[in-house]
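Trainee: Please take me closely through one part of this model. I should then like to see how that part relates to the rest of the chain.

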Amino acid sequence: MTSKHGVCDWCKRSGLLTKHEYFDGKAYYACHSCDEHARMDIRQYNLEEMAYRQKLAQVTPPSAS
Ligand SMILES: [Zn+2]
């Protein structure tokens with residue numbers, strides 16, 4: 001886990017941050033007090049994103065070749 005000093009993406013306060021990566025590769029940084037909240041946010045986002053992509057894959061018709 002990567003830690004760095006900067007501004008938290010959740011509460012906008014500066015401090016020591018933990019890096020969180022989203023399913024699509026975007027990275028956000030959360031301070032210690034936002035860490036748990038950030039984890040839940042990202043888990044929820046990733047679940048929705050995966051469900052959405054699965055749905056897309058099912059809807060896409062097979063290529064007529
Ligand atoms: Zn924070």
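**A close look at strand 1**

Mentor: Gly 6 stands opposite Gly 15 in strand 2. The model is a predicted one, in which local features need pLDDT of at least 70 and side-chain atom pairs count only at pLDDT 80 or more, while totals for chains, interfaces and linings use all residues. Residues are numbered from 1 along each chain as its sequence is written.

Strand 1 covers residues 3-7. Strands here are DSSP runs of E with at least two residues, helices are runs of H or I with at least four, and both are numbered from the N terminus. The partner of strand 1 is strand 2 (residues 14-21), joined to it antiparallel by five bridges. Two strands count as paired if DSSP finds at least two bridges between them. Besides the glycine pair, His 5 has Leu 16 of strand 2 as its bridge partner.

Coverage of strand 1 is slight: of its five residues, the number that are buried is zero. A residue is called buried if 20 or more other C-beta atoms lie within 10 Å of its own, exposed if 12 or fewer do, and partly exposed in between, with the C-beta atoms placed from the backbone.

The connection to strand 2 comes next. The two strands form a hairpin with six residues between them, and Lys 12 lies in this loop. Lys 12 has a positive phi of about 65 degrees, although it is not a glycine. Most residues other than glycine have a negative phi. Lys 12 counts as exposed because it has 9 C-beta neighbours inside 10 Å.

Strand 2 also pairs on with strand 3, again antiparallel and over five bridges. These two strands make a hairpin as well, with five residues between them, and in that turn Gly 25 has a positive phi of about 95 degrees. Together, the three strands form an open sheet in the order 1-2-3, with antiparallel pairing. Strand 1 and strand 3 (27-31) stand at the edges with a single partner strand each, so one side of each has no neighbour in the sheet. From one strand to the next, the twist averages 50 degrees; the angle is taken between N-to-C directions, on a scale from 0 to 180 degrees, of axes fitted to C-alpha atoms.

Leu 17 links this region to the core. Leaving out residues up to four places away in sequence, Leu 17 touches Ser 3, Lys 4, His 5, Gly 6, Cys 8, Tyr 29, Ala 30 and Cys 31; a contact requires C-beta atoms, placed from the backbone, within 7 Å. In strand 3, the residue opposite Leu 17 is Cys 31. The largest nonpolar core has seven residues: Cys 8, Leu 17, Tyr 29, Ala 30, Cys 31, Cys 34 and Ala 38. Strand 3 supplies the largest share of this core, three residues. Such a core is a set of buried Ala, Val, Leu, Ile, Met, Phe, Trp, Tyr and Cys residues joined through C-beta atoms within 7 Å.

Beyond the sheet lies helix 1 (residues 35-59), which includes Arg 53. Arg 53 is exposed because 12 other C-beta atoms lie within 10 Å, and its C-alpha atom is separated by 32 Å from that of Lys 4, 49 residues away along the chain. Glu 48 also lies in helix 1 and counts as exposed, with 11 C-beta neighbours inside 10 Å. The C-alpha atoms of Glu 48 and Phe 23, 25 residues apart along the chain, are separated by 9.9 Å. Helix 1 is itself hardly covered, with one buried residue among its 25. The end C-alpha atoms of helix 1 are 36 Å apart, in agreement with the 36 Å that its 25 residues should span at 1.5 Å a residue.

Finally, the whole chain. Along the sequence, the chain follows the pattern β-β-β-α. Its radius of gyration is 16 Å, well over the 11 Å that the globule rule gives for 65 residues, so the chain is more spread out than a compact globule. The radius is taken over C-alpha atoms, and the rule is 2.2 Å times the number of residues to the power 0.38. Along the principal axes, the C-alpha atoms fill a box of roughly 55 × 20 × 20 Å. Buried residues make up 12% of the 65 residues.

Key:
Two residues are in contact if their C-beta atoms, placed from the backbone, lie within 7 Å. The expected span of a helix is 1.5 Å times one less than its number of residues.
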